[in-house]
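Q: Hey, can you walk me through a protein model? I'm new to this.

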Amino acid sequence: MGGAGLPWMVFGALAAVLAFAGILVMVPWVRAEMAREDELASRDRDVLGYEVPEGQDPTAILAALSLAGITAAPVLRHGRRLVLIDERGRRDSVVRRKARSVIAHAPLNTLGDPAPPHAVRFLDEPIEPDQPDRPEVAT
């Protein structure tokens, strides 16, 4: 019975090593993501802002944009959930068209539930007559 605890000790040691390795991998990645979000939020040029509609998960939009190769970050400004899209080094019209298409087809949440059809309007675009009047938020 003296050797019965050895497999559990090996298992525990292996779990501890894997947890430590996971931390070593995740910390730099999280720091890089936070730096990217801060950099996008602090820029006043080459950023396309989109207000996430009430009821839609910003994570679903971010995932869809990421899959399409578009760099974006979530921010909260004045109680409004925004997604900031990086345009640096690319033509505005190309990024705008691609982002609009991706956002229009993005799911409602991370479970993949379909979002109701809605017009995609970026913050720097004029408000259409059929859309509610909302004050602009500087991006």
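A: Sure, here is a quick chat about its overall build, one helix and one pocket.

A: Keep in mind that this is a predicted model.

Q: Okay, how many helices and strands are there?

A: The protein has 3 helices and 3 strands. Going along the sequence, they come in the pattern α-β-α-β-β-α.

Q: And what share of the residues is buried?

A: Of the 139 residues, 29% count as buried. On the outside, about 9,300 Å² is exposed, and carbon and sulfur atoms supply 64% of that.

Q: Let's talk about α2. Which of its residues are buried?

A: Those are Pro58, Ala60, Ile61, Leu62, Ala64 and Leu65.

Q: What covers them?

A: The cover includes the strands β1, β2 and β3, plus the helix α3.

Q: What caps the N-terminal end of α2?

A: Aspartate 57 does that job: one of its side-chain oxygens lies 3.0 Å from the backbone nitrogen of threonine 59. After α2 comes glycine 69, which has a positive phi, near 85 degrees.

Q: New topic: how much space lies in the second largest pocket?

A: About 200 Å³.

Q: Which elements give two or more residues to its lining?

A: They are α1, α2 and β2. The lining has 13 residues, and Glu33, Arg36, Leu62, Ser66 and Ala72 lie nearest the centre of the pocket. Leu62 also turns up among the buried residues of α2.

Q: So how many of the lining residues are nonpolar, polar or charged?

A: The lining splits into 7 nonpolar, 3 polar and 3 charged residues.

Notes: Residues numbered from 1 in each chain as written. Predicted model: local features only at pLDDT ≥ 70, side-chain atom pairs only at ≥ 80, totals over all residues. Heavy atoms only, no water. 1 Å grid on protein atoms, 1.4 Å probe; cavity = no way out; pocket = protein on both sides within 12 Å on 5 of 7 lines; lining within 4 Å. Points joined across faces, edges and corners; volume = space filled by probe spheres on them. Helix = DSSP H or I, 4+ residues; strand = E, 2+ residues; numbered from the N terminus. Nonpolar A, V, L, I, M, F, W, Y, C, P; charged D, E, K, R; others polar. Buried < 20%, exposed > 50% of the residue type's maximum accessible area, 1.4 Å probe, protein only. Contact = heavy atoms within 4.5 Å. Polar contact = N/O pair within 3.5 Å; in protein donor to acceptor, adjacent residues only side chain to side chain. Areas by Shrake-Rupley, 256 points an atom, 1.4 Å probe, with all protein chains shown as cover.
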